[in-house]
Amino acid sequence: MFRNLCDYTNDPIEALFVRLAEDSSQDKIDLGIGVFRDDSGKVPVMQAVRRAEQQLFARDLPKSYLSPLGNQDYCRDVERLVLGEDHPVLREQRVISAQTPGAGSALRAAAELVHSLVENSVVWVSEPVWGHQLEFFDKAGMAIRTYRYYDQSSSTLDFDGMLDDLGLMMPDDLLLLHGCCHNPTGQDLTIEQWHKLADKIIETGAVPFVDVAYQGFGEGIDEDVAGLRLLAEKVPQLLLTVSSSKSFGIYRERAGLLSVIVSPDAVDAESVRRKLRDTVRQLYFMAPDHGAAVVHEILSTPELEKLWRQELDGVRQHVADMRRLLRQTIESANPGFDASFFETQHGMFSCLPISADEQLLIEQHFHIYMLPNARVNVAAMSGNQSARLAEAFAFIRSERGTEVQQAFA
Ligand SMILES: Cc1ncc(COP(=O)(O)O)c(C=O)c1O
């Protein structure tokens with residue numbers, strides 16, 4: 001059965017993690033995987049999470065099945081957290097949600113749902129985008145089109161290019177947007193740009209699909225979703241995915257949300273709910289509950305919610321500090337180079353302005369591992385690692401056009 005698999009190659013991200021694991025250097029640095037690390041290099045568990053777990057354990061709760069739509073208490077809490085207590089779409093009861101095994105599964109389920117409803121379905125994704133996201137749409141059978149978003153060589157947003165490309169969207173095309181802390185670039189839209197984007201969406205009849213994976217990592221818990229909130233007010237319908245992996249630090253527990261915001265004149269919201277239930281059941285049957293139960297416990301216990309907000313503020317502050325430090329170390333190792341984009345971008349990731357060959361050179365000479373597009377996890381970096389990265393970047397710039405680089409060209 002498996003004999004044809006002998007030449008099977010990993011996808012580029014998995015392949016990178018294999019190279020990282022096989023590198024025996026004592027000095028290797030993993031800037032790839034998307035987790036937050038504290039000053040000691042640990043991936044911490046929040047106190048709010050630990051206390052919520054203790055409370056749940058003490059209550060001796062049952063473990064029987066839930067519905068394929070998962071933990072609906074979690075859904076209500078996360079809808080409010082992301083959209084805001086009093087958002088019109090919540091008041092008008094236009095939000096239909098499933099709790100999923102993380103946003104990854106929510107993305108896959110959304111793609112499946114759309115593809116089953118729209119013949120020749122198309123999704124528009126930013127260039128560049130988090131690589132795994134493409135697979136979710138591709139494997140569901142959707143056609144993928146890209147829009148200009150970020151110019152890596154100048155480290156700037158290409159908003160005019162984005163709007164031009166999106167002018168080609170057709171009614172019912174899906175437009176994938178990152179709610180905040182864009183993966184991989186860290187480059188977000190301003191509120192004015194969200195407004196213009198909403199106009200373009202309405203003009204074309206496309207359906208926005210906002211993926212929120214880093215709420216609280218950028219400017220603030222509410223600030224990070226301001227663009228989503230205004231879009232949800234302006235456009236008739238919207239798809240939403242939310243990850244609790246980073247905001248609650250519960251990555252392996254797999255808690256996320258998939259919501260369909262139906263238009264005000266939607267004929268039958270109950271049919272949407274049934275379709276959503278069938279879609280997720282056919283894909284993975286049911287989501288695990290523990291992570292969702294922990295998030296619900298935190299968000300429904302004022303004292304725990306306060307603690308969680310404080311802890312997330314601390315994470316955001318740490319990320320901002322690391323961004324400032326990285327800018328300083330890069331600029332002092334590369335006189336004349338403007339690295340201010342590290343400070344203006346948001347969240348875990350930013351991309352170094354280097355080519356794929358140069359990235360490989362850094363991997364081989366400096367044992368520093370980044371994801372495609374030279375995506376660096378700033379939130380996992382220590383001060384010492386930041387200095388090593390600055391040194392590696394200076395080396396690359398000094399070698400540009402030399403034999404070392406040509407060997408990689
Ligand atoms: C933009 C984006 N969406 C979704 C996910 C998936 O998150 P989860 O762990 O909830 O599956 C990630 C994870 O890295 C992400 O960066």
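How many salt bridges does the rule find across the interface of domain 1 and domain 2? In this predicted model, the rule finds 0 salt bridges across that interface, although 17 residue pairs are in polar contact between domain 1 and domain 2, with both residues of each pair at pLDDT 80 or more. The domain assignment gives domain 1 as 7–45 + 305–406 and domain 2 as 49–302. The points below take up the interface, the sheet and some details of the backbone.

**The two domains and their interface**

- The centres of domain 1 and domain 2, taken over C-alpha atoms, are separated by 26 Å, and 31 residues of domain 1 are in contact with 36 residues of domain 2.
- About 2900 Å² of area is buried between domain 1 and domain 2, and carbon and sulfur atoms give 58% of it.
- Of the area that domain 1 buries against domain 2, Trp308, Arg316 and His346 supply 24%, which is more than any other three residues supply.
- On the side of domain 1 that touches domain 2, the elements that give two or more residues are helix H1 (12–22), helix H12 (302–333) and strand E11 (349–351), and the largest share, 9 residues, comes from H12.

**The sheet and a helix across it**

- Seen in order, the strands E2-E10-E9-E8-E7-E3-E4 form an open sheet of 7 strands with mixed pairing.
- Strand E2 (95–100) and strand E4 (143–148) each have a single partner strand, so these two stand at the edges and one side of each is left without a neighbour in the sheet.
- From one strand to the next, the twist of this sheet averages 20°.
- Within the sheet, strand E9 (residues 238–243) pairs with strand E10 (residues 256–261) in the antiparallel sense over 6 bridges, and Thr241 stands opposite Leu258 in E10.
- Helix H6 (residues 131–139) lies across strand E3 (122–127), E4, strand E7 (174–178) and strand E8 (207–212), and the helix runs at about 160° to E7.

**Details of the backbone in loops**

- Glu127 and Pro128 are joined by a cis peptide bond with an omega of about 5°, and Pro128 belongs to the loop between E3 and H6.
- Another cis peptide bond, with an omega of about 20°, joins Asn183 and Pro184, where Pro184 has its place in the loop between E7 and helix H8 (191–204).
- Ser155, although not a glycine, has a positive phi of about 55°, and this residue is found in the loop between strand E5 (150–151) and strand E6 (156–157).

Key
Residues are numbered from 1 along each chain as its sequence is written. This is a predicted model: local features need pLDDT of at least 70, side-chain atom pairs count only at pLDDT 80 or more; totals for chains, interfaces and linings use all residues. Side-chain values use heavy atoms; hydrogens and water are left out. Two strands pair if DSSP finds at least two bridges between them. Helices (H or I, at least four residues) and strands (E, at least two) are DSSP runs, numbered from the N terminus. Axes are lines fitted to C-alpha atoms, for helices over the stretch in contact, and angles run from 0 to 180 degrees between N-to-C directions. Contact means heavy atoms within 4.5 Å. Domain bounds come from an automatic or database domain assignment. Buried area is the accessible area (1.4 Å probe) that two parts lose on being put together, summed over both. A salt bridge is a side-chain nitrogen of Lys or Arg within 4 Å of a carboxyl oxygen of Asp or Glu. A polar contact is a pair of N or O atoms within 3.5 Å; within protein, one must be able to donate a hydrogen and the other to accept it, and residues adjacent in sequence count only if both atoms are side-chain atoms.
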